[in-house]
Amino acid sequence: MMNYPLTTKSILERAKMLYAKKEIVCRDYSGMFRYNYGQFYERTCRLANTLEGLGVKRGERVATLAWNTHRHLELYLAVPTMGCVLHTLNLRLFPDQLIYVINHAEDRVIMVDQDLLPLLEAIKDKLTTVKHFVIMNDTAELPQTALSPAHSYEKLLAEASPAYNFPSDLDEWSPAAMCYTTATTGDPKGVVYTHRAILLHSLSCLSTDMMGLSERDTVMAVVPMFHANAWGMPFTATWTGSKQVFPGSRPDPAILCQLIQDEKVTMTAGVPTIWMGILQVAEKVKYDFSSVKGFICGGSAIPLALMKAYDEKLGVPVIHAYGMTETTPLVTLSRTKSYMDQWPEDQQYTIRVKQGVVAPGLELKIVGENGEDLPHDGKTMGELLIRGPWIAGEYYKNPEKSAECMKDGWLHTNDIATIDEEGYIFICDRTKDLIKSGGEWISSVDMENTIMAHPAVAEAAVIAMPHEKWDERPMACVVLKPDYAGKTTEEDIKSFLDGKMAKWMLPDKVLFIEEIPKTSVGKFNKKELRKLYL
Ligand code: AMP
């Protein structure tokens, strides 16, 4: 076979050659912006010329601090394809973490959305490697800013040449993008994605039993583009020439519902808290979701009650998926197999609510405390280990953490899982969130999801309380739906759980709270919860 490198150039050039007429839509600051892949390609050329003009060299990092927008998509494709590295900054990091990741990655240029300027202005004096700031909004006017030197994205692009020869000599093993995990302890850890990893990940995502995107799809990534490549959607959707929709700055559930209806979105992806918010809105206001083929839900476990509510109330299937920043990120996705169509509905739900089967190209297993392989019986719990061509082999400039998590050729996920006879994995918990009561494990996720099936409950998170005799006991922190506040008691929740799980597992305490704190990517923040309530 030919020695042909797998690089993002093939994604970009294919989109230009085949899909020049296909549309890309963005909710921009002053209204809806529409253009096509042909115009998009020209702007990626202008962008590459602009970055060269700013002195960015091959292999250097170009950071983005941005919402999901068409400009962010231009950066997603132009930066790696010209041989530089796209570093997506999480806009919800604390200032100290932002300073750390920008300096650690040695970012040369930061491309920042206008309404996020204050985040950078507050830390600008601590950034040691940044040479330019480029501000993104929908005019060529430079807004007032304390950043220097600062440029307008639109002005630079308007002045740049529309012709650019993206290089053909990039090595597929060269870095294309990077992202830092939002570690709950210690500094964030950097993961570098090679061109090869992104391309193979995209191919695997494209298969029908995984995301199965096609030219006929309209794709809207709700998952932030700063989080693990927006689960690969911008790359895969560009490769297939799907229409893409970008929700722009600070989208709320009502805005997302409107976009799904108006743009006839067929496929989106996001964390469970997003789908909880959308369900609450869509239950009150009727939207037309008839175009939707599926909402992909990942990042944390989906409660069965939420999955059922989407089927019953909105007629939209939610498809469960699992991955990590370290895994580019898709590892598993849950669709039933053809012969399961004959199974009773409840049995199908037990499959759909699991995290799914391994993506083509990856390998996984569960191991016990001494590293021994555990059986695939759907019951035995062990740590999930993963390997494959888009799984990180190390953390960026962090040999200590690399040695801890990447051992013997496997990524050690710290997730406790079972694998059943059909090959479906079920994530029981993070190792640190499992509750160890009298030597037995209680899955906090399992209990949360059972509580969230109670009609009065909006959200629930379960954490371990220290206990003299049993070591740890579960405490459930529950947010009630507004109509039920003050009317539902601790006893109501406990008796709802009784019979659904063993008596000894029932929570010692049910605490009603106003809100469950969320992490920077919208997951329940149990570390913060422990700090607040223990
Ligand atoms: P991040 O790198 O921020 O995307 O976090 C990855 C972690 O999120 C995983 O190690 C899991 O603990 C958790 N996670 C991701 N997807 C799921 C899922 N579908 N169900 C349960 N946990 C998940």
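**Close-up 1. Cysteine 26 and cysteine 205, two buried cysteines without a partner.** Cysteine 26 is buried here, with a relative accessible area of 0%. Keep in mind that this is a predicted model. Cysteine 205 is buried too, and its relative accessible area is 0%. A search of the whole structure turns up zero disulfides. For cysteine 26, the nearest cysteine sulfur belongs to cysteine 257 and sits 18 Å away. For cysteine 205, the nearest one is that of cysteine 179, at 15 Å. A pair of cysteine sulfurs has to lie within 2.5 Å to count as a disulfide, so neither 18 Å nor 15 Å will do.

**Close-up 2. The ligand and the residues around it.** There are 14 residues around the ligand, and Ala321, Thr325, Asp415, Arg430 and Lys523 come nearest. Which strand gives the most to this shell? That would be β14 (residues 318-323), with four residues. Now for the polar atoms: the side chain of histidine 227 has an N or O atom 3.0 Å from an oxygen atom of the ligand. Two backbones join in on the nitrogen side. Glycine 299 has a backbone N or O atom 3.0 Å from a ligand nitrogen atom, and alanine 301 has one 3.1 Å from a ligand nitrogen atom. On its own the ligand has 500 Å² of accessible area, and the protein covers 89% of that.

**Close-up 3. Helix α15 and its buried face.** Helix α15 spans residues 490-497, and its buried residues are Ile493, Lys494, Phe496 and Leu497. Look down the axis of α15 and these buried residues fall within an arc of 160°, so they line one face of the helix. That fits the usual geometry: an α-helix has 3.6 residues a turn, so residues three or four places apart point the same way. What do the buried residues of α15 pack against? Their partners are α14 (444-451), β24 (457-467) and β26 (509-512). Just after the helix comes glycine 499, which takes a positive phi of about 95°.

**Close-up 4. Alanine 230 and tryptophan 231, positive phi in a loop.** Both alanine 230 and tryptophan 231 belong to the loop between β10 (218-221) and α8 (233-240). Phi of alanine 230 is near 50°, a positive value in a residue other than glycine. Next along, tryptophan 231 also has a positive phi, near 55°, and it isn't a glycine either. Are these residues buried or exposed? Alanine 230 is buried at 0% relative accessible area, and tryptophan 231 is buried at 8%.

**Close-up 5. Proline 149 and proline 329, each after a cis peptide bond.** Going from serine 148 to proline 149, the peptide bond is cis, with omega near -10°. You'll find proline 149 in the loop between β6 (132-136) and β7 (150-152). The bond from threonine 328 to proline 329 is cis as well, with omega near 10°. Proline 329 is in the loop that runs between β14 and β15 (330-333).

**Close-up 6. Isoleucine 274 on helix α10.** Isoleucine 274 is part of helix α10 (residues 272-284). It is partly exposed, with a relative accessible area of 26%. Leaving aside residues up to four places away in sequence, isoleucine 274 touches Val222 and Leu256. How far apart are the C-alpha atoms of isoleucine 274 and methionine 2? They are separated by 44 Å, with the two residues 272 apart along the chain.

Terms used
Residues are numbered from 1 along each chain as its sequence is written. This is a predicted model: local features need pLDDT of at least 70, side-chain atom pairs count only at pLDDT 80 or more; totals for chains, interfaces and linings use all residues. Side-chain values use heavy atoms; hydrogens and water are left out. Buried means under 20% relative accessible area, exposed over 50%, partly exposed in between (1.4 Å probe, protein chains only). Helices (H or I, at least four residues) and strands (E, at least two) are DSSP runs, numbered from the N terminus. The arc is that of the directions from the helix axis to the C-beta atoms. Contact means heavy atoms within 4.5 Å. A residue is near a molecule or strand if one of its heavy atoms lies within 4 Å of it. A polar contact is a pair of N or O atoms within 3.5 Å; within protein, one must be able to donate a hydrogen and the other to accept it, and residues adjacent in sequence count only if both atoms are side-chain atoms. Accessible areas come from the Shrake-Rupley method with a 1.4 Å probe; for residues, only the protein chains shown count as cover.
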